[in-house]
Amino acid sequence: MVNICLICDFFYPRLGGVEMHIFQLGLCLMERGHKVIIITHKYDNRAGVRYMTNGLKVYYCPFVPAHEQVVLFTYMGSLALLRQILLREEIHVVHSHAATSFFGGELLLHAKSLGYKTVFTDHSLFAFNDAASFHVNKILKFILSEVDHAVSVSHISKENLSMRASLDPRNISVIPNAVDCSRFKPDPSKRYPLNTVNIVVISRLTFRKGVDLLVDVVPTICKRFPQVYFIIGGDGPKKKIIEESIRKHGLTDRVEMLGSVPGHKVREVLVRGHIFLNTSLTEAFCIAIVEAASCGLFVVSTNVGGVVEVLPKNMVNFAKPDPDDICEKLAVAIPIAKNVPSHQYHEQVAKMYSWHMVAERTETVYNKILSSPYPSILGRIKACQSNGPIFGLYLLILLIIDYIAIFILDLIFPFRNLSKPLKFNPEYRVNKEKFGDHQFKVN
(Lines give C-alpha, C1' and ligand atoms only; values in the text may rest on other atoms or scores of the structure.)
Protein backbone atom coordinates (compact mmCIF):
# COMPACT_ATOMS: atom_id res chain seq x y z
CA MET A 1 0.00 0.00 0.00
CA VAL A 2 1.23 3.49 -0.89
CA ASN A 3 0.17 6.58 1.07
CA ILE A 4 -0.47 9.30 -1.51
CA CYS A 5 -1.02 13.04 -1.22
CA LEU A 6 -2.73 14.72 -4.20
CA ILE A 7 -2.40 18.50 -4.06
CA CYS A 8 -3.75 21.29 -6.26
CA ASP A 9 -5.29 24.75 -5.99
CA PHE A 10 -8.22 23.50 -8.06
CA PHE A 11 -10.74 21.17 -6.44
CA TYR A 12 -14.38 20.92 -5.40
CA PRO A 13 -16.52 23.08 -5.18
CA ARG A 14 -14.79 24.44 -8.29
CA LEU A 15 -15.75 22.31 -11.31
CA GLY A 16 -13.51 21.44 -14.24
CA GLY A 17 -11.35 18.81 -15.90
CA VAL A 18 -8.45 19.00 -13.42
CA GLU A 19 -10.83 18.81 -10.45
CA MET A 20 -12.61 15.76 -11.85
CA HIS A 21 -9.28 14.09 -12.71
CA ILE A 22 -8.02 14.44 -9.12
CA PHE A 23 -11.30 13.23 -7.63
CA GLN A 24 -11.64 10.17 -9.88
CA LEU A 25 -7.94 9.28 -9.57
CA GLY A 26 -8.18 9.46 -5.79
CA LEU A 27 -11.24 7.19 -5.66
CA CYS A 28 -9.73 4.59 -8.00
CA LEU A 29 -6.41 4.54 -6.13
CA MET A 30 -8.35 3.93 -2.91
CA GLU A 31 -10.17 1.04 -4.59
CA ARG A 32 -6.76 -0.42 -5.43
CA GLY A 33 -5.88 -0.48 -1.72
CA HIS A 34 -3.89 2.75 -1.34
CA LYS A 35 -4.37 5.54 1.17
CA VAL A 36 -5.17 8.87 -0.51
CA ILE A 37 -5.57 12.39 0.85
CA ILE A 38 -6.17 15.59 -1.11
CA ILE A 39 -4.83 19.00 -0.11
CA THR A 40 -6.23 22.26 -1.47
CA HIS A 41 -6.93 25.77 -0.16
CA LYS A 42 -10.15 26.93 1.50
CA TYR A 43 -13.16 27.84 -0.64
CA ASP A 44 -15.41 30.44 1.03
CA ASN A 45 -16.76 28.70 4.16
CA ARG A 46 -15.31 25.32 3.18
CA ALA A 47 -12.27 24.93 5.42
CA GLY A 48 -10.73 22.25 7.59
CA VAL A 49 -10.95 18.51 6.99
CA ARG A 50 -13.82 17.11 4.91
CA TYR A 51 -14.69 13.53 3.97
CA MET A 52 -16.10 12.75 0.55
CA THR A 53 -17.18 9.62 -1.29
CA ASN A 54 -15.80 6.39 0.22
CA GLY A 55 -14.02 8.35 2.93
CA LEU A 56 -11.76 10.34 0.56
CA LYS A 57 -10.11 12.83 2.92
CA VAL A 58 -9.65 16.44 1.83
CA TYR A 59 -7.70 19.12 3.67
CA TYR A 60 -9.05 22.61 2.88
CA CYS A 61 -6.09 24.60 4.22
CA PRO A 62 -6.62 28.16 5.52
CA PHE A 63 -4.90 29.94 2.63
CA VAL A 64 -6.81 32.57 0.67
CA PRO A 65 -6.46 32.50 -3.16
CA ALA A 66 -4.99 35.63 -4.71
CA HIS A 67 -6.16 35.34 -8.34
CA GLU A 68 -8.42 32.88 -10.18
CA GLN A 69 -8.47 30.50 -7.19
CA VAL A 70 -4.65 30.26 -7.09
CA VAL A 71 -2.78 30.82 -3.83
CA LEU A 72 0.03 33.37 -3.91
CA PHE A 73 3.45 31.70 -4.20
CA THR A 74 5.15 32.45 -0.86
CA TYR A 75 7.56 29.47 -0.74
CA MET A 76 7.82 29.35 3.07
CA GLY A 77 4.28 30.39 4.06
CA SER A 78 2.78 26.91 3.84
CA LEU A 79 5.71 24.78 5.03
CA ALA A 80 4.76 24.40 8.71
CA LEU A 81 1.18 23.26 8.04
CA LEU A 82 1.98 21.02 5.06
CA ARG A 83 4.82 19.35 6.98
CA GLN A 84 2.45 18.44 9.80
CA ILE A 85 -0.13 17.01 7.39
CA LEU A 86 2.42 14.87 5.56
CA LEU A 87 3.96 13.56 8.77
CA ARG A 88 0.64 12.79 10.45
CA GLU A 89 -0.70 10.98 7.38
CA GLU A 90 2.61 9.11 6.90
CA ILE A 91 2.72 10.01 3.21
CA HIS A 92 5.07 8.28 0.76
CA VAL A 93 4.36 10.15 -2.51
CA VAL A 94 3.40 13.79 -3.13
CA HIS A 95 1.56 14.22 -6.44
CA SER A 96 0.88 17.78 -7.65
CA HIS A 97 -1.41 18.71 -10.54
CA ALA A 98 -1.52 21.68 -12.98
CA ALA A 99 1.28 24.08 -13.88
CA THR A 100 -0.64 27.11 -12.60
CA SER A 101 -1.21 25.58 -9.15
CA PHE A 102 1.50 27.32 -7.13
CA PHE A 103 0.19 25.75 -3.91
CA GLY A 104 1.09 22.35 -5.32
CA GLY A 105 4.37 23.72 -6.63
CA GLU A 106 5.40 24.87 -3.16
CA LEU A 107 4.81 21.42 -1.71
CA LEU A 108 6.83 19.77 -4.49
CA LEU A 109 9.81 21.91 -3.50
CA HIS A 110 9.45 21.22 0.23
CA ALA A 111 8.67 17.51 -0.25
CA LYS A 112 12.17 16.74 -1.52
CA SER A 113 13.74 18.34 1.55
CA LEU A 114 11.30 16.42 3.78
CA GLY A 115 12.31 13.16 2.11
CA TYR A 116 9.24 12.37 -0.02
CA LYS A 117 9.01 11.15 -3.60
CA THR A 118 7.33 13.61 -5.97
CA VAL A 119 5.20 13.39 -9.12
CA PHE A 120 3.75 16.19 -11.26
CA THR A 121 0.89 15.95 -13.77
CA ASP A 122 0.54 18.64 -16.45
CA HIS A 123 -2.97 19.25 -17.80
CA SER A 124 -2.42 22.21 -20.16
CA LEU A 125 -0.34 23.53 -23.04
CA PHE A 126 1.53 26.81 -22.77
CA ALA A 127 3.17 28.95 -25.45
CA PHE A 128 6.67 30.39 -25.46
CA ASN A 129 6.07 33.80 -27.01
CA ASP A 130 3.84 35.74 -24.57
CA ALA A 131 4.65 37.29 -21.20
CA ALA A 132 2.22 35.21 -19.11
CA SER A 133 3.40 31.88 -20.52
CA PHE A 134 7.04 32.95 -20.23
CA HIS A 135 6.70 33.59 -16.48
CA VAL A 136 4.69 30.40 -15.88
CA ASN A 137 7.33 28.38 -17.73
CA LYS A 138 10.20 29.88 -15.70
CA ILE A 139 8.43 29.13 -12.41
CA LEU A 140 7.60 25.62 -13.61
CA LYS A 141 11.23 24.95 -14.51
CA PHE A 142 12.20 26.03 -11.01
CA ILE A 143 9.51 23.84 -9.35
CA LEU A 144 10.25 20.73 -11.43
CA SER A 145 14.03 20.96 -11.22
CA GLU A 146 14.08 17.98 -8.82
CA VAL A 147 10.76 16.21 -9.46
CA ASP A 148 11.08 12.39 -9.52
CA HIS A 149 8.66 11.86 -12.41
CA ALA A 150 6.23 13.83 -14.55
CA VAL A 151 2.98 12.83 -16.25
CA SER A 152 1.34 14.38 -19.32
CA VAL A 153 -2.17 13.72 -20.62
CA SER A 154 -1.11 13.50 -24.29
CA HIS A 155 2.03 13.13 -26.39
CA ILE A 156 1.77 16.75 -27.53
CA SER A 157 1.57 17.77 -23.86
CA LYS A 158 4.64 15.64 -23.12
CA GLU A 159 6.68 17.41 -25.78
CA ASN A 160 5.44 20.80 -24.59
CA LEU A 161 6.27 20.04 -20.94
CA SER A 162 9.71 18.71 -21.80
CA MET A 163 10.58 21.93 -23.61
CA ARG A 164 9.06 24.29 -21.04
CA ALA A 165 10.58 22.70 -17.95
CA SER A 166 13.78 21.29 -19.54
CA LEU A 167 12.83 17.76 -18.44
CA ASP A 168 14.23 14.55 -19.90
CA PRO A 169 11.41 13.07 -22.06
CA ARG A 170 12.32 9.63 -20.68
CA ASN A 171 11.21 10.92 -17.27
CA ILE A 172 7.73 11.87 -18.52
CA SER A 173 4.91 9.33 -18.86
CA VAL A 174 1.81 9.82 -21.00
CA ILE A 175 -1.35 8.87 -19.10
CA PRO A 176 -4.48 10.28 -20.79
CA ASN A 177 -7.54 11.57 -19.00
CA ALA A 178 -10.63 9.39 -18.88
CA VAL A 179 -14.40 9.56 -18.55
CA ASP A 180 -16.82 7.65 -16.37
CA CYS A 181 -18.80 6.31 -19.31
CA SER A 182 -21.49 4.91 -17.02
CA ARG A 183 -22.51 8.54 -16.42
CA PHE A 184 -22.45 9.52 -20.10
CA LYS A 185 -24.84 7.18 -21.91
CA PRO A 186 -26.66 8.14 -25.13
CA ASP A 187 -30.44 8.67 -25.15
CA PRO A 188 -31.73 9.82 -28.59
CA SER A 189 -35.26 10.21 -27.17
CA LYS A 190 -34.08 13.26 -25.19
CA ARG A 191 -33.17 15.27 -28.29
CA TYR A 192 -35.17 18.46 -28.51
CA PRO A 193 -36.23 20.71 -30.12
CA LEU A 194 -37.55 18.12 -32.55
CA ASN A 195 -37.05 18.23 -36.34
CA THR A 196 -33.79 20.15 -35.94
CA VAL A 197 -30.08 19.36 -35.98
CA ASN A 198 -28.89 20.40 -32.54
CA ILE A 199 -25.29 21.59 -32.13
CA VAL A 200 -24.09 21.60 -28.51
CA VAL A 201 -21.29 23.75 -27.10
CA ILE A 202 -20.30 23.33 -23.44
CA SER A 203 -17.22 25.28 -22.45
CA ARG A 204 -15.83 28.06 -20.33
CA LEU A 205 -16.54 31.15 -22.41
CA THR A 206 -12.99 32.51 -22.53
CA PHE A 207 -10.54 33.52 -25.25
CA ARG A 208 -8.57 30.27 -24.88
CA LYS A 209 -11.72 28.26 -25.62
CA GLY A 210 -12.13 30.00 -28.98
CA VAL A 211 -15.27 32.00 -28.23
CA ASP A 212 -14.23 34.60 -30.81
CA LEU A 213 -14.38 31.84 -33.44
CA LEU A 214 -17.77 30.70 -32.17
CA VAL A 215 -19.17 34.23 -32.52
CA ASP A 216 -18.47 34.10 -36.27
CA VAL A 217 -19.53 30.47 -36.76
CA VAL A 218 -23.02 30.63 -35.20
CA PRO A 219 -24.62 33.26 -37.50
CA THR A 220 -22.97 31.75 -40.61
CA ILE A 221 -24.26 28.22 -39.92
CA CYS A 222 -27.73 29.47 -38.93
CA LYS A 223 -27.96 31.34 -42.24
CA ARG A 224 -26.81 28.36 -44.35
CA PHE A 225 -28.81 25.69 -42.51
CA PRO A 226 -32.30 26.76 -41.31
CA GLN A 227 -32.75 23.41 -39.51
CA VAL A 228 -29.81 24.00 -37.13
CA TYR A 229 -30.36 24.87 -33.47
CA PHE A 230 -27.47 25.83 -31.16
CA ILE A 231 -27.35 24.94 -27.43
CA ILE A 232 -24.55 26.81 -25.66
CA GLY A 233 -23.65 26.06 -22.05
CA GLY A 234 -21.00 27.74 -19.97
CA ASP A 235 -20.05 31.05 -18.43
CA GLY A 236 -17.11 33.40 -18.61
CA PRO A 237 -15.89 36.86 -19.64
CA LYS A 238 -16.76 36.27 -23.33
CA LYS A 239 -20.42 35.44 -22.68
CA LYS A 240 -21.59 38.99 -23.44
CA ILE A 241 -19.97 38.89 -26.89
CA ILE A 242 -22.03 35.83 -27.85
CA GLU A 243 -25.25 37.33 -26.48
CA GLU A 244 -24.66 40.56 -28.41
CA SER A 245 -24.03 38.61 -31.62
CA ILE A 246 -27.24 36.60 -31.14
CA ARG A 247 -29.30 39.79 -30.71
CA LYS A 248 -27.55 41.51 -33.61
CA HIS A 249 -28.38 38.70 -36.06
CA GLY A 250 -31.87 38.05 -34.66
CA LEU A 251 -31.08 34.48 -33.58
CA THR A 252 -32.77 34.41 -30.18
CA ASP A 253 -35.09 31.63 -31.40
CA ARG A 254 -32.18 29.62 -32.90
CA VAL A 255 -29.64 29.78 -30.09
CA GLU A 256 -30.24 28.72 -26.49
CA MET A 257 -27.91 30.14 -23.83
CA LEU A 258 -27.89 27.93 -20.73
CA GLY A 259 -25.32 29.73 -18.62
CA SER A 260 -23.15 27.72 -16.22
CA VAL A 261 -23.90 23.98 -16.35
CA PRO A 262 -23.23 21.98 -13.13
CA GLY A 263 -21.19 18.82 -13.61
CA HIS A 264 -24.08 16.49 -12.79
CA LYS A 265 -26.23 18.12 -15.51
CA VAL A 266 -23.73 17.98 -18.38
CA ARG A 267 -25.15 14.72 -19.72
CA GLU A 268 -28.68 16.18 -19.72
CA VAL A 269 -27.43 18.86 -22.10
CA LEU A 270 -25.28 16.57 -24.26
CA VAL A 271 -28.04 14.03 -24.99
CA ARG A 272 -30.13 16.83 -26.51
CA GLY A 273 -27.62 17.26 -29.33
CA HIS A 274 -26.56 15.61 -32.58
CA ILE A 275 -23.20 17.40 -32.94
CA PHE A 276 -20.73 18.65 -30.36
CA LEU A 277 -18.65 21.68 -31.35
CA ASN A 278 -15.27 22.47 -29.77
CA THR A 279 -13.54 25.68 -30.89
CA SER A 280 -10.61 25.71 -28.45
CA LEU A 281 -7.40 27.47 -29.44
CA THR A 282 -5.30 25.17 -27.24
CA GLU A 283 -6.01 21.86 -25.55
CA ALA A 284 -3.74 19.24 -24.01
CA PHE A 285 -6.47 16.58 -24.11
CA CYS A 286 -10.10 17.89 -23.98
CA ILE A 287 -12.29 15.66 -21.83
CA ALA A 288 -15.39 17.43 -23.20
CA ILE A 289 -15.21 15.76 -26.62
CA VAL A 290 -14.82 12.32 -24.99
CA GLU A 291 -17.94 12.94 -22.89
CA ALA A 292 -19.80 14.06 -26.00
CA ALA A 293 -18.76 11.03 -28.03
CA SER A 294 -19.74 8.77 -25.12
CA CYS A 295 -23.22 10.34 -25.28
CA GLY A 296 -23.40 9.49 -28.99
CA LEU A 297 -22.69 12.91 -30.54
CA PHE A 298 -20.59 13.44 -33.63
CA VAL A 299 -17.72 15.84 -32.83
CA VAL A 300 -16.42 18.80 -34.81
CA SER A 301 -13.29 20.25 -33.22
CA THR A 302 -10.42 22.56 -33.94
CA ASN A 303 -7.22 20.67 -34.72
CA VAL A 304 -5.10 22.00 -31.85
CA GLY A 305 -2.77 20.51 -29.25
CA GLY A 306 -3.46 16.95 -28.18
CA VAL A 307 -7.05 16.84 -29.50
CA VAL A 308 -5.99 14.74 -32.50
CA GLU A 309 -4.96 11.93 -30.14
CA VAL A 310 -8.30 11.66 -28.34
CA LEU A 311 -10.92 10.15 -30.69
CA PRO A 312 -10.83 7.88 -33.77
CA LYS A 313 -11.45 9.52 -37.15
CA ASN A 314 -14.94 8.06 -37.57
CA MET A 315 -16.18 10.12 -34.59
CA VAL A 316 -14.73 13.54 -35.36
CA ASN A 317 -14.10 16.14 -38.08
CA PHE A 318 -11.05 18.33 -37.45
CA ALA A 319 -10.92 21.93 -38.59
CA LYS A 320 -8.31 24.64 -38.55
CA PRO A 321 -8.88 27.33 -35.89
CA ASP A 322 -10.53 29.47 -38.54
CA PRO A 323 -14.28 30.33 -38.75
CA ASP A 324 -14.57 29.45 -42.47
CA ASP A 325 -12.94 26.03 -42.05
CA ILE A 326 -15.04 25.25 -38.96
CA CYS A 327 -18.18 26.11 -40.94
CA GLU A 328 -17.11 23.81 -43.77
CA LYS A 329 -16.53 20.90 -41.39
CA LEU A 330 -19.91 21.53 -39.77
CA ALA A 331 -21.49 21.60 -43.25
CA VAL A 332 -20.14 18.08 -43.81
CA ALA A 333 -21.35 16.84 -40.41
CA ILE A 334 -24.88 18.30 -40.40
CA PRO A 335 -26.37 16.03 -43.13
CA ILE A 336 -25.11 12.85 -41.43
CA ALA A 337 -25.66 13.90 -37.80
CA LYS A 338 -29.03 12.16 -37.39
CA ASN A 339 -27.64 8.83 -38.64
CA VAL A 340 -24.75 8.57 -36.17
CA PRO A 341 -24.63 5.16 -34.39
CA SER A 342 -24.89 6.61 -30.87
CA HIS A 343 -24.67 3.36 -28.89
CA GLN A 344 -21.74 2.15 -30.99
CA TYR A 345 -19.90 5.38 -30.21
CA HIS A 346 -20.56 4.88 -26.50
CA GLU A 347 -19.27 1.30 -26.48
CA GLN A 348 -16.15 2.30 -28.40
CA VAL A 349 -15.34 5.15 -25.98
CA ALA A 350 -15.97 2.89 -22.97
CA LYS A 351 -13.31 0.48 -24.24
CA MET A 352 -10.80 3.28 -24.82
CA TYR A 353 -11.08 5.28 -21.59
CA SER A 354 -11.39 4.20 -17.95
CA TRP A 355 -10.36 5.85 -14.68
CA HIS A 356 -9.32 2.42 -13.40
CA MET A 357 -6.78 2.23 -16.24
CA VAL A 358 -5.52 5.72 -15.33
CA ALA A 359 -5.12 4.68 -11.69
CA GLU A 360 -3.31 1.47 -12.65
CA ARG A 361 -0.81 3.31 -14.84
CA THR A 362 -0.31 6.01 -12.21
CA GLU A 363 0.32 3.29 -9.63
CA THR A 364 3.10 1.96 -11.89
CA VAL A 365 4.73 5.41 -11.79
CA TYR A 366 4.55 5.46 -7.98
CA ASN A 367 6.12 2.01 -7.69
CA LYS A 368 8.91 3.01 -10.09
CA ILE A 369 9.94 6.12 -8.16
CA LEU A 370 9.61 4.43 -4.76
CA SER A 371 12.07 1.77 -5.89
CA SER A 372 14.65 4.38 -6.90
CA PRO A 373 17.21 5.74 -4.38
CA TYR A 374 16.62 9.04 -2.61
CA PRO A 375 18.97 11.85 -3.72
CA SER A 376 21.74 12.90 -1.38
CA ILE A 377 22.25 16.52 -0.34
CA LEU A 378 25.33 16.63 -2.57
CA GLY A 379 23.25 15.33 -5.48
CA ARG A 380 20.64 18.03 -4.88
CA ILE A 381 23.35 20.72 -4.84
CA LYS A 382 24.66 19.45 -8.18
CA ALA A 383 21.10 19.49 -9.56
CA CYS A 384 20.79 23.15 -8.54
CA GLN A 385 24.09 24.05 -10.22
CA SER A 386 22.96 22.38 -13.45
CA ASN A 387 20.40 25.19 -13.87
CA GLY A 388 23.07 27.77 -14.65
CA PRO A 389 25.31 30.10 -12.64
CA ILE A 390 22.62 32.64 -11.67
CA PHE A 391 19.45 30.54 -11.52
CA GLY A 392 21.41 27.65 -10.00
CA LEU A 393 22.75 29.88 -7.21
CA TYR A 394 19.21 31.11 -6.51
CA LEU A 395 17.99 27.51 -6.20
CA LEU A 396 20.90 26.64 -3.93
CA ILE A 397 20.05 29.51 -1.57
CA LEU A 398 16.41 28.38 -1.42
CA LEU A 399 17.55 24.81 -0.77
CA ILE A 400 19.66 25.93 2.20
CA ILE A 401 16.79 28.04 3.58
CA ASP A 402 14.47 25.04 3.22
CA TYR A 403 16.73 22.76 5.24
CA ILE A 404 17.21 25.39 7.96
CA ALA A 405 13.44 25.98 8.25
CA ILE A 406 12.73 22.23 8.44
CA PHE A 407 15.44 21.80 11.11
CA ILE A 408 13.83 24.54 13.21
CA LEU A 409 10.37 23.03 12.78
CA ASP A 410 11.72 19.61 13.81
CA LEU A 411 12.96 21.18 17.05
CA ILE A 412 9.74 23.06 17.79
CA PHE A 413 7.27 20.41 16.58
CA PRO A 414 9.03 17.03 16.73
CA PHE A 415 7.39 14.10 14.97
CA ARG A 416 6.85 12.16 18.20
CA ASN A 417 4.57 14.94 19.50
CA LEU A 418 2.28 14.96 16.46
CA SER A 419 -1.06 13.28 17.06
CA LYS A 420 -2.31 10.63 14.64
CA PRO A 421 -5.19 11.61 12.33
CA LEU A 422 -8.68 10.40 13.22
CA LYS A 423 -10.06 7.49 11.23
CA PHE A 424 -13.07 8.09 8.99
CA ASN A 425 -16.32 6.86 10.52
CA PRO A 426 -19.12 6.43 7.95
CA GLU A 427 -21.69 6.76 10.74
CA TYR A 428 -20.82 10.41 11.31
CA ARG A 429 -23.63 12.87 10.63
CA VAL A 430 -23.25 13.89 7.00
CA ASN A 431 -24.45 16.52 4.62
CA LYS A 432 -24.80 15.47 1.01
CA GLU A 433 -23.48 17.62 -1.78
CA LYS A 434 -23.55 17.07 -5.52
CA PHE A 435 -20.41 16.73 -7.63
CA GLY A 436 -21.34 14.99 -10.85
CA ASP A 437 -23.46 11.99 -9.96
CA HIS A 438 -21.37 11.26 -6.89
CA GLN A 439 -22.47 12.04 -3.36
CA PHE A 440 -19.78 13.82 -1.37
CA LYS A 441 -20.03 13.08 2.34
CA VAL A 442 -18.95 15.93 4.57
CA ASN A 443 -18.15 15.43 8.22
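In this predicted model, Arg191 sits in the loop that runs between β10 (172-174) and β11 (197-202). Arg191 is buried but forms no salt bridge. The nearest side chain of opposite charge belongs to Asp187, 8.4 Å away. That distance falls outside the criterion, because a salt bridge requires a side-chain nitrogen of Lys or Arg within 4 Å of a carboxyl oxygen of Asp or Glu. The side chain of Arg191 instead makes a polar contact of 3.4 Å with the side chain of Ser342. Ser342 also appears among the residues that Arg191 touches, once residues up to four places away in sequence are set aside. The others are Asn198, Val271, Arg272, Gly273, His274 and Gly296.

Elsewhere, charged side chains do pair. The count of salt bridges comes to 14. One of them joins the side chains of Arg32 and Glu363, with an N to O distance of 2.7 Å. This pair links distant parts of the chain, 331 residues apart. Arg32 belongs to the loop between α1 (17-31) and β2 (35-41), and Glu363 to helix α12 (residues 355-370). Arg32 is partly exposed, at 38% relative accessibility. Glu363 is buried, at 13%.

A salt bridge also connects Asp410 with Arg83, the closest N and O atoms lying 2.7 Å apart. Asp410 is in helix α14 and Arg83 in helix α2 (residues 79-88), so the bridge ties together parts separated by 327 residues in sequence. Asp410 has a relative accessible area of 37% and is partly exposed. Arg83 is buried, with a value of 2%.

The side chains of Glu283 and Lys209 form a further salt bridge, at 2.6 Å from N to O. Glu283 lies in the loop between β14 (275-278) and α9 (287-294), and Lys209 in the loop between β11 and α6 (211-224), so this pair ties together parts that are 74 residues apart in sequence. Both Glu283 and Lys209 are buried. Salt bridges also link Lys35, Lys57 and Glu89 in a network.

Helix α14 spans residues 389-412 and includes Ile412. Ile412 is exposed, its relative accessible area being 52%. Ile412 also contributes to a nonpolar surface patch of about 700 Å². The other residues of the patch are Ile400, Ile404, Phe407, Ile408, Leu411 and Phe413. Helix α14 also holds Asp410, the partner of Arg83.

Key: Residues numbered from 1 in each chain as written. Predicted model: local features only at pLDDT ≥ 70, side-chain atom pairs only at ≥ 80, totals over all residues. Heavy atoms only, no water. Patch = residues over 30% accessible without salt bridge, like charges linked within 9 Å, V, L, I, M, F, W, Y side chains within 5 Å. Areas by Shrake-Rupley, 256 points an atom, 1.4 Å probe, with all protein chains shown as cover. Helix = DSSP H or I, 4+ residues; strand = E, 2+ residues; numbered from the N terminus. Buried < 20%, exposed > 50% of the residue type's maximum accessible area, 1.4 Å probe, protein only. Lys, Arg positive; Asp, Glu negative; His and termini not counted. Polar contact = N/O pair within 3.5 Å; in protein donor to acceptor, adjacent residues only side chain to side chain. Contact = heavy atoms within 4.5 Å.
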